[in-house]
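Trainee: I should like to go through this model and ask, for each term applied to it, what justifies the term. May we begin once the structure is displayed?

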Amino acid sequence: MKSIFKLSLSFMSFLFFATIMGGCIAIGVLLYYSKGLPDYRQLEVYTPAVTTRFYAGDGRLLAEYASEKRVFLPIDDIPFIVKQAFISAEDKRFYSHSGLDPIGLLRAMLSNINNLRNNRRMGGASTITQQVAKNFLLTNERSIERKIKEAIISFRMEKAFTKDHILELYLNEIYLGGGSYGVAAAAMYYFNKSVEELTVGEAAFLAALPKAPN
């Protein structure tokens, strides 16, 4: 009985010190990668590049010029079905998490184990906030270092900005194929419609594009 008690005590001591060490390592990693990060506060005022249009005197469109085809829309002008389509496809717990989604991350890990066994494409678990951090402030480099930086910036953005502001950044910046950036430009490119005219099916089509826009 005593030996079992000593063994349990030893295991608990090991677990305690391992937890302490793990926490110290995690704090050290966060402090290290927190240095020199891009300033997320620049996203407080979003001024994206938009399409310049030239019209004739009778109102006919003569030409368009843009490095990125985009029509900026404030979040209040984006229809509910469009917002919900993207949240459903990309980040179901967007309004409840703090930048990272532990449940989504665990599900992606389990799914990727199965994908690896069957030689399928690996999936991601980036939240909408993480995608904003990557698209605006980081690169597309696939590395642990970038993911750590992405997580740190995401936490900071969630504390500084409202969810609607983050969603507005995402829906106006995301590349959706055909040279179109943002939902307004994509609606015109694919359906020749404004976002207000999109059906549920058309909104769902656009929401499926971020994973493979080409």
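Mentor: Let us begin with lysine 149 and glutamate 145, whose side chains meet in a salt bridge in this predicted model.

Trainee: What makes the contact between lysine 149 and glutamate 145 a salt bridge?

Mentor: The N to O distance is 3.2 Å. The term requires a side-chain nitrogen of Lys or Arg within 4 Å of a carboxyl oxygen of Asp or Glu, so the pair qualifies. In general, side chains of opposite charge can pair when their charged atoms come close.

Trainee: Where do the two residues lie with respect to each other?

Mentor: Lysine 149 and glutamate 145 both belong to helix α5, residues 144-160, and are 4 residues apart, about one turn of the helix.

Trainee: Why is lysine 149 called partly exposed?

Mentor: Its relative accessibility is 23%. Buried means under 20% and exposed means over 50%, so lysine 149 falls in between. Glutamate 145, at 37%, is partly exposed because its value also lies between those limits.

Trainee: Which residues of α5 does glutamate 150 pair with?

Mentor: Glutamate 150 forms a salt bridge with arginine 146, with the closest N and O atoms 2.7 Å apart. Lysine 147 also forms one with glutamate 150, and there the closest N and O atoms are 3.0 Å apart. Each distance is within 4 Å, and therefore each pair meets the criterion.

Trainee: How are these partners spaced along the helix?

Mentor: Glutamate 150 and arginine 146 are 4 residues apart in α5, while lysine 147 and glutamate 150 are 3 residues apart in that helix. Either spacing is about one turn of the helix. Arg146, Lys147 and Glu150 are thus linked in a network of salt bridges.

Trainee: How do you know whether the members of this network are buried or exposed?

Mentor: Glutamate 150 has a relative accessible area of 1% and arginine 146 has 11%; both values are under 20%, so both residues are buried. Lysine 147, at 32%, is partly exposed, because 32% lies between 20% and 50%.

Trainee: How many salt bridges does a search of the whole structure find?

Mentor: The search finds 9 salt bridges.

Trainee: May we turn to the surface? What makes Asp76, Asp77, Asp164, Glu196 and Glu197 a patch of negative charge?

Mentor: These residues gather on the surface. Asp and Glu count as negative, so the patch carries that sign. Like charges are joined within 9 Å, and a member must have over 30% relative accessible area and no salt bridge. Aspartate 76 is found in the loop between β2 (61-65) and α2. With a relative accessible area of 68%, aspartate 76 is over the 50% limit and is therefore exposed.

Trainee: What makes Phe80, Ile81 and Val200 a nonpolar patch?

Mentor: Phe, Ile and Val are among the side chains treated as nonpolar, which are joined within 5 Å, so the three can form such a patch. Together they have about 310 Å² of accessible area. Phenylalanine 80 is found in helix α2. Its relative accessible area of 58% is over 50%, so phenylalanine 80 is exposed.

Trainee: Which residues of α7 are buried, and what covers them?

Mentor: In α7, residues 183-191, the buried residues include Val183, Ala184, Ala185, Ala186 and Ala187. Their cover includes α2 (80-90), α6 (163-173) and α8 (200-207). Just after α7, asparagine 192 takes a positive phi of about 55 degrees.

Trainee: Why is alanine 184 called buried?

Mentor: Alanine 184 has a relative accessible area of 9%, which is under 20%, so the term applies. Alanine 184 touches Val71, Leu73 and Val195, not counting residues up to four places away in sequence. The C-alpha atoms of alanine 184 and valine 71 are separated by 5.7 Å, although the two residues are 113 residues apart along the chain.

Trainee: What are the totals for the protein chain?

Mentor: The protein chain has 8 helices and 2 strands, and its elements run α-β-β-α-α-α-α-α-α-α from the N terminus on. Buried residues make up 36% of its 214 residues. Of the contacts with a separation of 6 or more, 60% are between residues 24 or more positions apart. The chain exposes about 13600 Å², and carbon and sulfur atoms supply 61% of it.

Methods. Residues numbered from 1 in each chain as written. Predicted model: local features only at pLDDT ≥ 70, side-chain atom pairs only at ≥ 80, totals over all residues. Heavy atoms only, no water. Buried < 20%, exposed > 50% of the residue type's maximum accessible area, 1.4 Å probe, protein only. Contact = heavy atoms within 4.5 Å. Areas by Shrake-Rupley, 256 points an atom, 1.4 Å probe, with all protein chains shown as cover. Charge placed at Lys NZ, Arg CZ, Asp CG, Glu CD.
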